[in-house]
Amino acid sequence: MKEFSRLGFIGLGVMGEPICRNLAQKSGVPVLGNDKQREPLERLAAHGIEAADVPRIMRECDLVFLSLPSGEIVDALARGQDGLLTHARRGQVIVDTSTSPVDLTRRLHQDFAALGVEFVDAPVARTRAAAEAGTLAVMVGATPELYERVRPYIATFASDITLCGAVGSGQVLKILNNMVLFETVVALSEARAIARRSGVDPEVLLNTLSKGSADSFALRNHGLKAILPGEFPEKAFPVDYASKDLRYALALAEQAGVNARGARTVEHWFKAAAQSGHGNRYFPVISRVIDDEPGADRT
């Protein structure tokens with residue numbers, strides 16, 4: 001696994017911190033980390049990860065991972081003063097685990113390629129718990145040859161890794177994965193509201209659905225663990241972040257000439273949740289807005 005002599009990791013948020021920790025613990029390669037917040041860097045120092053600024057990471061690291069909140073932030077980091085493009089070196093590889101627009105990803109690939117730098121899109125799916133356990137799903141856009149070079153490093157934090165096609169294909173798959181997830185959560189939320197108002201216990205509903213053809217990852221995780229108990233913590237893939245991913249899906253649908261009405265329905269409920277003050281809460285909170293249960297806790 002030691003093809004790369006030093007690794008860099010930029011963005012140590014909810015997902016980035018555990019991903020970076022797994023990378024450092026399992027790769028056997030020194031890791032430099034960067035984040036605007038001091039706390040994750042202090043925690044990761046115990047695992048041998050050294051704090052560094054972006055120019056130093058780009059000077060010293062052969063393989064650089066990104067884990068940032070949006071494609072727009074990735075683009076700004078790449079193109080800003082003292083950014084990635086300014087300090088990129090021929091032969092480097094950059095792996096973006098963020099969820100970013102497909103067209104933006106392909107433009108960055110072209111601009112890095114002009115400098116002799118490889119750019120890979122490898123957005124991650126599943127939960128923070130999966131990031132902690134190193135069992136994320138990763139959808140990769142790269143050539144087969146480059147995929148084989150980076151796959152061992154991705155495998156330090158992922159149990160399911162798929163080569164989806166050329167650069168940008170990983171983002172297509174991740175964006176559509178989230179679109180389907182969001183639409184499924186809307187369906188579960190509607191079913192819960194209808195069942196409750198029809199005199200059926202929502203717990204009976206969801207447990208029964210989990211034994212039939214309506215079973216799904218969304219039902220077992222978002223339905224049983226969030227919608228049913230009404231647990232929608234802050235800063236756990238909130239409505240505002242989910243809305244960003246949905247916006248990418250709608251843009252992709254428009255580019256493809258598809259009228260994605262199901263995704264438009266999700267957009268309606270995300271906007272309603274944000275307007276109700278739930279923008280920073282775990283996105284299945286839309287179930288509360290869909291049901292609008294009298295007396296429900298709105299805090």
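**Exercise 1. Determine whether Asp-82 is buried, partly exposed or exposed, and describe its backbone.**

Step 1. The relative accessible area is compared with the cut-offs: buried is under 20%, exposed is over 50%, and partly exposed is in between, for a 1.4 Å probe and protein chains only. At 43% relative accessibility, Asp-82 therefore counts as partly exposed.

Step 2. Asp-82 is placed in the loop between H4 and helix H5 (84-87). Helices (H or I, at least four residues) and strands (E, at least two) are DSSP runs, numbered from the N terminus.

Step 3. Most residues other than glycine have a negative phi. Asp-82, although not a glycine, has a positive phi of about 60°.

The model is a predicted one, in which local features need pLDDT of at least 70 and side-chain atom pairs count only at pLDDT 80 or more, while totals for chains, interfaces and linings use all residues. Residues are numbered from 1 along each chain as its sequence is written, and side-chain values use heavy atoms, with hydrogens and water left out.

**Exercise 2. State where Phe-237 lies and what its phi is.**

Step 1. Phe-237 belongs to the loop between H11 and H12.

Step 2. Its phi is near 45°, a positive value in a residue other than glycine.

Step 3. With a relative accessible area of 28%, Phe-237 is partly exposed.

**Exercise 3. Describe the span and the buried residues of helix H12.**

Step 1. H12 (residues 239-256) has 18 residues. From its first C-alpha to its last, H12 reaches 25 Å, close to the 26 Å expected at 1.5 Å a residue; the expected span is 1.5 Å times one less than the number of residues.

Step 2. The buried residues of H12 include Lys-244, Asp-245 and Tyr-248 as well as Leu-246, Leu-250 and Leu-252.

Step 3. Their cover includes helix H4 (71-79), helix H6 (102-113), helix H9 (169-197) and helix H13 (261-275).

Step 4. After H12 comes Gly-257, with a positive phi near 75°.

**Exercise 4. Identify the contacts of Ser-70.**

Step 1. Ser-70 lies in the loop between strand E4 (63-66) and H4, and its relative accessibility of 10% counts as buried.

Step 2. Contact means heavy atoms within 4.5 Å. Leaving aside neighbours within four places in sequence, Ser-70 is in contact with Thr-99, Ser-100, Lys-244 and Tyr-248. Two of these partners, Lys-244 and Tyr-248, are among the buried residues of H12.

**Exercise 5. Describe how helices H10 and H11 are arranged.**

Step 1. The axes of H10 (residues 202-209) and H11 (residues 217-227) come within 10 Å and cross at roughly 170°. Axes are lines fitted to C-alpha atoms, for helices over the stretch in contact, and angles run from 0 to 180 degrees between N-to-C directions.

Step 2. H10 is therefore roughly antiparallel to H11, a term for angles over 145 degrees.

Step 3. The contact is made by Leu-206, Asn-207 and Leu-209 of H10 with Leu-219, Gly-223 and Leu-224 of H11.

Step 4. These residues divide into four nonpolar, two polar and no charged. Ala, Val, Leu, Ile, Met, Phe, Trp, Tyr, Cys and Pro count as nonpolar, Asp, Glu, Lys and Arg as charged, and the others, Gly among them, as polar.

**Exercise 6. Explain why Cys-20 forms no bond with Cys-61.**

Step 1. A disulfide is a pair of cysteine sulfur atoms within 2.5 Å.

Step 2. The closest cysteine sulfur to that of Cys-20 is in Cys-61, 10 Å away, which is too far for a bond.

Step 3. Cys-20 is buried at a relative accessible area of 0%, and Cys-61 is buried at 0%.

Step 4. A search of the whole structure finds zero disulfides.

Notes
Parallel < 35°, antiparallel > 145°, perpendicular 65-115°, else oblique.
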